[in-house]
Amino acid sequence: MTVPQPDLISVQPNGLFCESGGCFVDPWKPVDKAIITHAHSDHHCRGCGTYLCTPETAAALRVRVGPDIRVQELTYGERVTVGDVHVSLHPAGHILGSAQVRLEPVHGGPVWVITGDYKTVPDRVSGSFESVPCDVFITESTFGLPVYRWPDQTAVAADINAWWQENAEAGRTSLLIAYALGKAQRVIAELDPSIGPIGCHGSVQAMCDVYRNAGAALPPTVHANAESAPSLRGQGIVVAPGSVLETPWVRRFVGPNGIRRAMVSGWMMVRGRRRWRTVDRGFIMSDHADWNGLIETIRATGASRIGVTHGYTSVMSRYLEEQGFESCIVPTRFTGEQPIGAGAKSYDQVPAVDDS
């Protein structure tokens with residue numbers, strides 16, 4: 001089942017299309033006008049004529065897509081008219097600059113909101129989530145199962161620092177696996193630099209620069225490469241994407257008494273070491289809403305029609321129907337959530353869950 005027709009939004013071969021505005025939201029293929037919720041690679045594509053997004057997302061896109069892309073920047077709450085639709089962007093709390101897209105027909109009609117990805121629990125660098133009233137709400141459901149209920153994130157951050165401290169005292173380097181955009185910076189903001197130096201894979205360091213330029217408070221980091229490796233061995237922590245696991249790149253950072261590997265991901269809630277046999281430790285920290293966050297957000301919008309996309313769509317849609325909502329599954333170009341470490345090769349090659 002797809003989004004019922006006729007509607008403000010329809011599913012086309014290039015993605016979610018707003019005919020009244022002549023634009024796509026998070027297109028799957030190059031289009032003339034693209035509204036982008038955030039800069040993770042499963043929510044944008046190269047080759048679009050114009051990208052409409054927040055200034056922070058624009059900065060990340062210029063690093064990931066190319067410096068010469070044509071961008072129309074829109075701050076949170078600012079409204080522009082695109083064709084016959086008023087468009088505004090609202091905080092999603094997912095990563096820096098992430099936004100929900102509000103679409104209001106110029107000549108009247110139901111207001112639609114497309115969330116992209118979102119997180120309702122604030123952190124140090126991602127900004128706060130804002131509930132946006134609407135008539136039709138298209139929500140992600142990456143972790144749309146009742147089992148996913150996040151632990152206290154302050155405690156998780158403390159556990160990460162304690163793990164790093166223990167390794168440093170034993171002369172072991174700490175390798176922390178986290179997605180290069182968003183998760184890595186969120187974790188780095190929680191690290192205690194008094195324990196030792198913080199090294200970043202090149203893809204992580206590039207995004208740290210974007211965050212710092214936007215005013216995010218991050219502790220000092222160094223580019224983790226051959227030059228900085230001696231200072232990181234044994235005492236330091238290296239933050240890198242999952243693509244480095246089981247590669248020669250890791251060996252340059254092995255300390256006097258070895259190296260310990262850990263992964264930061266919401267998937268650790270149920271999969272843990274059974275799923276991630278290439279790491280020694282898992283920390284539960286997600287940049288998506290958990291089950292409670294999803295349900296509370298849906299109710300707060302006041303919407304009677306809910307589209308569910310990306311993740312456990314069948315479970316979430318069925319639950320919403322049982323609760324009295326009109327619900328449908330909205331197709332996405334990525335199916336079968338496959339986070340890095342479960343057969344995926346790199347951050348950009350398999351972006352099914354590019355930000356868990």
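**Exercise 1. Cysteines and disulfides**

Task: In this predicted model, determine whether C53 counts as buried or exposed, and establish how many disulfides there are.

Solution. Step 1: C53 has 0% relative accessibility, and a residue is buried when this value is under 20%, so C53 counts as buried.
Step 2: C45, at 8% relative accessibility, counts as buried because the same cut-off of under 20% applies.
Step 3: The cysteine sulfur closest to that of C45 belongs to C48, at 3.7 Å. A disulfide requires sulfur atoms within 2.5 Å, so this pair is too far apart for a bond.
Step 4: The count for the model is zero disulfides.

**Exercise 2. The seven-stranded sheet**

Task: State the order of the strands in the open sheet of seven strands, and identify which strands lie at its edges.

Solution. Step 1: The order reads β7-β8-β9-β10-β11-β18-β19, and the pairing is mixed.
Step 2: β7 (79-82) and β19 (326-329) each pair on one side only, which makes them the edge strands.
Step 3: On average, neighbouring strands of this sheet are turned by 25° against each other, direction ignored.
Step 4: Within the sheet, β9 (residues 99-105) pairs with β10 (residues 112-114) in the antiparallel sense, over three bridges. In this pairing L103 stands opposite W112 of β10.
Step 5: Helix α7 (residues 291-301) packs on the sheet, where it touches β11 (136-141) and β18 (305-311). The direction of α7 makes about 170° with that of β11.

**Exercise 3. The nonpolar cores**

Task: Find which residues have the most contacts inside the largest nonpolar core, and list what L191 is in contact with, leaving aside its neighbours within four places in sequence.

Solution. Step 1: In soluble globular proteins, nonpolar side chains tend to be buried together.
Step 2: The largest nonpolar core comprises 49 residues, and Y51, I160, L176 and L191 have the most contacts inside it.
Step 3: Elements giving two or more residues to this core include β5 (50-53), α2 (153-169) and β16 (259-264).
Step 4: Beyond its neighbours within four places in sequence, L191 is in contact with I160, N161, W164, I198, P219, I237 and V239.
Step 5: Another core, of 23 residues, lies apart from the largest one; among its members are I35, W112, C328 and V330.

**Exercise 4. Confidence of the prediction**

Task: Give the mean pLDDT of the protein chain, and state where pLDDT stays under 50.

Solution. Step 1: The mean pLDDT is 91, and 90% of the residues reach 70 or more.
Step 2: Over residues 335-356 pLDDT stays under 50. For these residues the model has 72 contacts beyond four places in sequence.

Key
Residues are numbered from 1 along each chain as its sequence is written. This is a predicted model: local features need pLDDT of at least 70, side-chain atom pairs count only at pLDDT 80 or more; totals for chains, interfaces and linings use all residues. Side-chain values use heavy atoms; hydrogens and water are left out. Two strands pair if DSSP finds at least two bridges between them. Helices (H or I, at least four residues) and strands (E, at least two) are DSSP runs, numbered from the N terminus. Axes are lines fitted to C-alpha atoms, for helices over the stretch in contact, and angles run from 0 to 180 degrees between N-to-C directions. Contact means heavy atoms within 4.5 Å. A nonpolar core is a set of buried Ala, Val, Leu, Ile, Met, Phe, Trp, Tyr and Cys residues joined through side-chain atoms within 4.5 Å. Buried means under 20% relative accessible area, exposed over 50%, partly exposed in between (1.4 Å probe, protein chains only). pLDDT is the predictor's confidence in each residue, from 0 to 100.
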